[in-house]
Amino acid sequence: AMYQEKGLMPSEKLAGLIASAIVSDTVMFKSPTCTERDRRMAERMARLANISLEELGKAIFSASVENKTARELFFTDFKEIHIAGHDFAVAQITCVDSPSMAQRKDEFLTIMQQTAKKEKLDLVILMLTDVLLEGTQIIYVGDDETIQQAFSVQPKDNTVFLPKIMSRKKQVIPMLSALWG
């Protein structure tokens, strides 16, 4: 009884932590980086910890955005990138409710315009990656044509939704590289 915390054995608690890490890292198994091994391991850990992976995922991705300022959210996962003479930045917020995040678009755009000016960036992209919708709402500051060509979409009001796009590293940046490469 000395090692128990909230009725969990250390092994159950550890299994829960491992499951959380996998769910977070693979964006609830929707990231292109996710493997079958990740999924099997998470399911096994969830059984050991007696938790639901779906509930766990919702909790992880809603907790990470609650009660944060637009600036905090924007700079949590922000990367500046330089490709073929183009200087740009991509920030990513992974959430379970992109429509509520998108309501803060004006706040985000203000921060993005300031950042573009200060850092002398041609393009600033914010990825609102929605775990449940399995896609990304892109909000951007910069050239409409770049967005149109890179993602084969027609943007409207600095915004575009990209279905099945979940990863900055494996999807968004390669699409921009292909355009400028």
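Q: Which strands form a hairpin with four residues between them?
A: S3 and S4 do. Glu134 sits in the turn, with a positive phi of about 55°. Strands here are DSSP runs (E, at least two residues), numbered from the N terminus.

Q: What kind of model is this?
A: A predicted one: local features need pLDDT of at least 70, side-chain atom pairs count only at pLDDT 80 or more, and totals for chains, interfaces and linings use all residues. Residues are numbered from 1 along each chain as its sequence is written, and side-chain values use heavy atoms, leaving out hydrogens and water.

Q: Back to the hairpin. How many bridges join S3 to S4?
A: Seven, and the strands run antiparallel. Two strands pair if DSSP finds at least two bridges between them. Thr129 has Thr136 in S4 as its bridge partner.

Q: Where does S5 come in?
A: S5 (residues 159-163) pairs with S4 over five bridges, in the antiparallel sense. Val160 in S5 stands opposite Ile138.

Q: Is S4 buried or exposed?
A: Seven of its seven residues, 135-141, are buried, so S4 is largely enclosed by the rest of the structure. Buried means under 20% relative accessible area (1.4 Å probe, protein chains only).

Q: Which residues are on each side?
A: Gly135, Gln137, Ile139 and Val141 are on one side, and Thr136, Ile138 and Tyr140 on the other. In a regular strand, side chains alternate between the two faces of the sheet.

Q: New topic. How many disulfides are there?
A: Zero. A disulfide is a pair of cysteine sulfur atoms within 2.5 Å.

Q: Why no bond for Cys34?
A: The closest cysteine sulfur, in Cys95, is 19 Å from its own, too far for a bond. Cys34 is buried at 18% relative accessible area, and Cys95 is buried at 1%.

Methods:
Buried < 20%, exposed > 50% of the residue type's maximum accessible area, 1.4 Å probe, protein only.
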